[in-house]
Amino acid sequence: HDTLGTINLGMATDVTRVVLASIARLAMPPAGLPDLLVDEPHVIVTRPRKVFVGDEATVEVRVFNRGGTMPEGNGTTEVTLERGTPDPDAGPRLIGRQTIELPIAPWFYKRAVFAWRVTEEDVAAPTTLVATVVPGALAEASFANNRAERPVAVFRNAVANLRAAPNPMRLSHSPEDLSFLF
C-alpha cells in the first residue's frame with residue numbers, strides 16, 4: 001500500500017504544480033493594449049427567469065478587459081442596451097445607457113445593470129438584446145468584440161376566454177367545485 005500512497009502523492013504534486021502555474025499565468029496581465037469585451041453569454045437576464053409581457057426585467061451586461069493593463073484615471077466608458085427589431089427599417093429600440101468607471105483590471109469585469117420594461121412589441125421569435133461598449137478615448141487592442149447580441153424568449157401572460165363554471169355533478173358552490181373552461 002505504500003506504493004499506492006506514493007503514486008497518489010506524486011499525482012497530487014503534479015496537479016498542484018499545474019494549477020499554480022495556471023493561476024500565476026492568469027495573474028500576469030497580457031502585454032499590449034487593453035481590450036474591452038462584451039459577449040453573448042455575459043448579456044444576462046437576471047430577473048425574472050422567464051420574461052413575460054408587462055415584466056420589468058433586469059438585464060446585466062458584463063464588460064471584461066481581456067487585454068493589457070489600463071492606465072489609472074482613464075475615465076469612463078459607456079454601455080448601451082438595445083432591443084433589436086426584425087424590421088431593419090424600424091431600427092433598434094434603446095433600453096438604456098450606463099457609464100462604467102475605468103480602469104478594469106485584466107481578466108476582470110465590471111457590470112452595467114439595466115431595467116427593461118417588456119412590452120407587446122417584444123414578443124418576437126425571439127427578441128434580440130444588443131449590448132454595445134463605447135470605449136470613448138480609450139485605445140483598445142480590438143473594437144470588433146465591443147458588441148454582442150443575445151436572443152431572449154418573451155411570453156404572453158394571457159389566457160383568452162377564461163371563465164369559471166360550477167361543476168354540474170356537485171350541488172355546493174365551494175371553490176373545489178369550480179372547473180375552468182378555456
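**Group meeting: core, ring pairs and backbone exceptions**

I'll start with the core. The largest nonpolar core has 26 residues, and those that touch the most other members are Val43, Val61, Val63, Leu81, Trp116 and Leu129. Two or more residues of this core come from each of β4, β5, β6 (93-101), β7, β8 (127-134) and β9 (147-152). The largest contribution is that of β4, with 4 residues. As general background, nonpolar side chains in soluble globular proteins tend to be buried together.

Please keep in mind that this is a predicted model.

Take Leu81 as an example from the core. Leaving out residues up to four places away in sequence, Leu81 touches Val43, Val59, Val61, Arg93, Leu94, Ile95, Gly96, Phe114, Leu129, Val130 and Ala131.

Now the overall layout. The protein has 1 helix and 12 strands, and the helix comes at the N-terminal end of the order, with the strands following. Of its 182 residues, 28% count as buried. The accessible surface is about 11900 Å², and carbon and sulfur atoms account for 59% of that. Looking at contacts between residues at least 6 apart in sequence, 65% join residues at least 24 apart.

Next, a residue in strand β5 (residues 76-84), namely Thr77. Is Thr77 buried or exposed? With a relative accessibility of 1%, Thr77 counts as buried. Its side chain reaches the backbone oxygen of Val134 at 2.6 Å. Beyond four places in sequence, the residues Thr77 touches are Leu36, Gln98, Thr99, Ile100, Leu102, Val133, Val134 and Pro135.

On to the aromatic rings. A ring pair is described by the distance of the centres and the angle of the planes. How many aromatic pairs are there? The count is 2. In one of them, Phe52 and Phe155 have ring centres 5.7 Å apart and planes at 45°, so the pair is tilted; the tilted class covers angles that are neither under 30 degrees nor over 60. Phe52 sits in strand β3 (residues 51-52) and Phe155 in strand β10 (residues 154-155), so this pair ties together parts 103 residues apart in sequence. Phe52 is partly exposed, at 24% relative accessibility, and Phe155 is partly exposed at 33%.

Phe64 and Tyr109 also form a tilted pair, with 5.0 Å centre to centre and 50° between the planes. Here Phe64 is in strand β4 (residues 56-65) and Tyr109 in strand β7 (residues 109-117), so to speak distant parts of the chain, 45 residues apart. Phe64 is buried, because its relative accessible area of 16% falls under the 20% limit. Tyr109, at 36%, counts as partly exposed.

Phe155 has a further partner: Lys50 lies over the face of the Phe155 ring, at 5.0 Å from the ring centre.

Last, the backbone. Most residues other than glycine have a negative phi, and most peptide bonds are trans. Which peptide bond ending at Pro48 is cis? The bond from Arg47 to Pro48 is cis, with omega near -15°, and Pro48 is found in the loop between β2 (43-47) and β3. The bond from Leu102 to Pro103 is also cis, with omega near 10°. Pro103 lies in the loop between β6 and β7, and Trp107 lies in the loop between β6 and β7 as well. Trp107 is not a glycine, yet its phi is positive, about 75°. At 41% relative accessibility, Trp107 counts as partly exposed.

Note on methods: Residues are numbered from 1 along each chain as its sequence is written. This is a predicted model: local features need pLDDT of at least 70, side-chain atom pairs count only at pLDDT 80 or more; totals for chains, interfaces and linings use all residues. Side-chain values use heavy atoms; hydrogens and water are left out. Rings of Phe, Tyr and Trp (its six-membered ring) pair if their centres lie within 6.5 Å; planes under 30 degrees apart count as stacked, over 60 as edge-to-face and the rest as tilted. Buried means under 20% relative accessible area, exposed over 50%, partly exposed in between (1.4 Å probe, protein chains only). A charge sits over a ring if NZ of Lys or CZ of Arg is within 6 Å of the ring centre and within 35 degrees of the ring normal. A polar contact is a pair of N or O atoms within 3.5 Å; within protein, one must be able to donate a hydrogen and the other to accept it, and residues adjacent in sequence count only if both atoms are side-chain atoms. Contact means heavy atoms within 4.5 Å. Accessible areas come from the Shrake-Rupley method with a 1.4 Å probe; for residues, only the protein chains shown count as cover. A nonpolar core is a set of buried Ala, Val, Leu, Ile, Met, Phe, Trp, Tyr and Cys residues joined through side-chain atoms within 4.5 Å.
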